[in-house]
Amino acid sequence: MAGTATEAARNGAVSDATADQYRLWLRQMVLIRRFEEKAGEAYSLGKIGGFCHLYIGQEALAVGTLAALRDDDYVVSAYREHGQALARGLSARSVMAELYGKATGCSKGKGGSMHLFDASLHFMGGHGIVGGQIPLGAGFAFAAKYRGTDQVSLTYFGEAAANIGAFHETLNMAGLWRLPAIFVIENNGYGMGTSLRRASAIPNLVERAASYNMPGVVVDGQDVDKVKAATDEAVERARRESTPTLMEIRTYRYVGHSMSDAAHGTYRTKDEVEEYRARDPITVLAQRMRDAGLLDDEGMEAIEADVRAEVEDAVKFAEESPDPAPEELWTDVYAPAAQDGGER
Ligand SMILES: Cc1ncc(C[n+]2csc(CCOP(=O)(O)OP(=O)(O)O)c2C)c(N)n1
C-alpha cells in the first residue's frame with residue numbers, strides 16, 4: 001500500500017521493480033504536464049480550434065489508474081482526456097495532431113480535443129456529452145462478461161457527471177448484473193464554475209456506491225502510489241469476482257475548466273489553488289524518489305529535456321501534417337454493413 005511505499009522509499013528500501021515503475025510514472029506525469037502546457041499555448045495562438053480542457057494537476061489520477069490495467073482492458077472517458085490518452089500509450093504526435101485537426105491525428109483529425117480514440121489500445125474515447133460515456137463503460141464490461149473474457153472496463157467522469165440520471169441507471173445495472181466495471185469519479189471539486197458543495201446533496205459522492213451494492217473507495221489523487229494501489233484492488237475484484245467498484249479520486253485542476261475560462265476562474269481563490277500546488281502530484285512522487293535515492297536534480301533535468309524534445313517533436317509533426325481530405329467527411333460516419341446482411 002502507498003503508506004508503506006512511502007516508508008520504504010524513506011528507508012531507501014525500494015525494489016528494482018518499484019524503482020522502474022516510479023521512473024516510468026514520473027516521466028508520464030511530466031509528459032502530460034508539458035504536453036498540456038504546450039496545447040494551451042497552441043490554443044491561445046489559434047492553432048487548435050473547438051474546445052480544449054486541460055488536465056494540469058490531475059496527472060497522478062490517469063497515470064496511477066492506467067498502470068493497474070492490462071492492455072486489453074477497456075478505457076472510456078470524457079472530454080478532459082488528453083492525459084489519459086497519453087498514459088494509455090497514444091503517442092504525443094497522434095494526440096497533438098488530433099488537437100490540430102490534422103489527418104495524422106488519432107481520430108484522423110475529425111474528432112479534436114474531446115474525441116481522442118484508439119481502438120487498438122482499447123481507448124474508446126473521448127466523449128463531449130457530460131456523463132455520456134458512463135453507460136458505454138458498463139457496455140464494455142457487459143460485453144466482456146458476455147463473451148466470457150476476463151477483461152475489465154474503466155470509466156472516467158467528473159464529479160458533476162455523478163449527478164446525471166445515466167450515472168444512477170448505469171451503476172444500478174452494473175451492481176445488479178455484477179459487471180466487471182470500475183467507475184472513476186475524477187473529483188476535481190468543480191463542474192465548470194460550480195463547486196461540488198453547491199451541486200450535490202451529499203459531499204461524499206462515494207456513499208452512492210451503497211445504493212448500488214458495490215464497494216466504494218475514496219482515494220487521494222495527488223499520490224500516484226495510492227491511486228495505483230486502490231485501482232489494483234478494484235481491478236482484482238472486477239477480474240476475479242466480476243464485482244464493480246465506485247472510486248472517488250480526489251484531485252484538482254490548477255487551470256480553468258476549459259480554455260475559455262480564465263486561469264483560476266472567479267469561483268475559487270488563488271489560495272485554494274496554491275494549497276493544492278503544495279501537494280503537486282509530480283512533486284509528491286519526485287520527492288519520494290529523491291528520498292529513496294532514485295532521483296537528483298540532474299535526473300529531473302534529464303527527464304524534462306527528454307519530454308521537452310518529445311512535445312516539440314509532436315508540435316512540429318502536427319504543424320507539418322496535412323488537413324483531412326474533403327472526401328473524408330463521408331468516412332467513419334457509420335459502421336460498415338455486415339457482409340452477410342445479418343444484424344451486428
Ligand atoms: C449533457 C451536457 N450538459 C452540459 C454540458 C456542458 N458542460 C461541459 S463540461 C461541464 C461540467 C462537467 O464537470 P465534471 O463532470 O465535474 O467534469 P470536469 O470538467 O470537472 O472534468 C458541463 C456542464 C455538456 N457538455 N453536456
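Start in the middle of this predicted model and select Met-29, Leu-86, Val-95, Met-96, Ile-182, Met-247 and Leu-285: they have the most contacts inside the largest nonpolar core, which has 92 residues. Now add helix α2, residues 16–44; with 10 residues, α2 gives the most to this core. As background, nonpolar side chains in soluble globular proteins tend to be buried together.

Zoom in on Met-247 next. Leaving aside residues up to four places away in sequence, Met-247 touches Ile-182, Phe-183, Val-184 and Ile-185. Val-217, Val-219, Ala-230 and Ala-234 are also among the residues that Met-247 touches.

Keep Val-184 on screen, since it takes you to the strands. Val-184 is in β3, and Tyr-156 stands opposite it. Select β2 (153–158) together with β3 (residues 181–187): the two pair in the parallel sense over six bridges. Then bring in β1, residues 74–76, which runs parallel to β2 and is joined to it by three bridges. To find one of the pairs, pick Val-75, whose bridge partner in β2 is Leu-154.

Stay with β2 for a moment. Which residues point each way from β2? Ser-153, Thr-155 and Phe-157 go one way, while Leu-154, Tyr-156 and Gly-158 go the other, and all are buried. Because six of its six residues are buried, β2 is largely enclosed by the rest of the structure.

Follow β2 to Gly-158 and switch on the ligand. Gly-158 is one of the closest residues to the ligand, along with Val-130, Ala-160, Ala-161 and Gly-191. In total, 15 residues surround the ligand. Colour this shell by residue type and you get seven nonpolar, five polar and three charged. β2 supplies at least two residues of the shell, and so does β4 (190–191).

Next, try helix α3, residues 59–66. How many of its residues are buried? Eight of its eight, and the helix is mostly covered. Select Glu-59, Ala-60, Leu-61, Ala-62, Val-63, Gly-64, Thr-65 and Leu-66 to see these buried residues.

Now jump along the chain to helix α12, residues 297–320. Put a distance label on its end C-alphas: its 24 residues reach 34 Å from first to last, close to the 34 Å expected at 1.5 Å a residue. Highlight the buried residues of α12, which are Val-307, Val-311, Ala-314, Val-315 and Ala-318. While you look at them, recall that an α-helix has 3.6 residues a turn, so residues three or four places apart point the same way. Among what covers the buried residues of α12 are α2 and α5 (92–99).

Centre on Ala-314, in helix α12. Why does Ala-314 count as buried? Because 24 other C-beta atoms lie within 10 Å, and the cut-off for buried is 20 or more. Ala-314 touches Ala-92, Arg-93 and Met-96, not counting residues up to four places away in sequence. Add Ala-97 too: Ala-314 and Ala-97 are 217 residues apart in sequence, yet 7.4 Å apart in space, C-alpha to C-alpha.

Finish with two backbone stops. Lys-108 is in the loop between α5 and α6 (133–147), and its phi is near 60 degrees, a positive value in a residue other than glycine. Lys-108 is partly exposed, with 18 other C-beta atoms within 10 Å. Asp-332 sits in the segment after α12, and it has a positive phi of about 60 degrees although it is not a glycine. With 13 C-beta neighbours inside 10 Å, Asp-332 counts as partly exposed.

Key. Residues numbered from 1 in each chain as written. Predicted model: local features only at pLDDT ≥ 70, side-chain atom pairs only at ≥ 80, totals over all residues. Core = buried A, V, L, I, M, F, W, Y, C linked by C-beta atoms within 7 Å. Buried ≥ 20, exposed ≤ 12 C-beta atoms within 10 Å, placed from the backbone. Helix = DSSP H or I, 4+ residues; strand = E, 2+ residues; numbered from the N terminus. Contact = placed C-beta atoms within 7 Å. Near = placed C-beta within 6 Å. Nonpolar A, V, L, I, M, F, W, Y, C, P; charged D, E, K, R; others polar. Expected span 1.5 Å × (residues − 1). Pairing = 2+ DSSP bridges.
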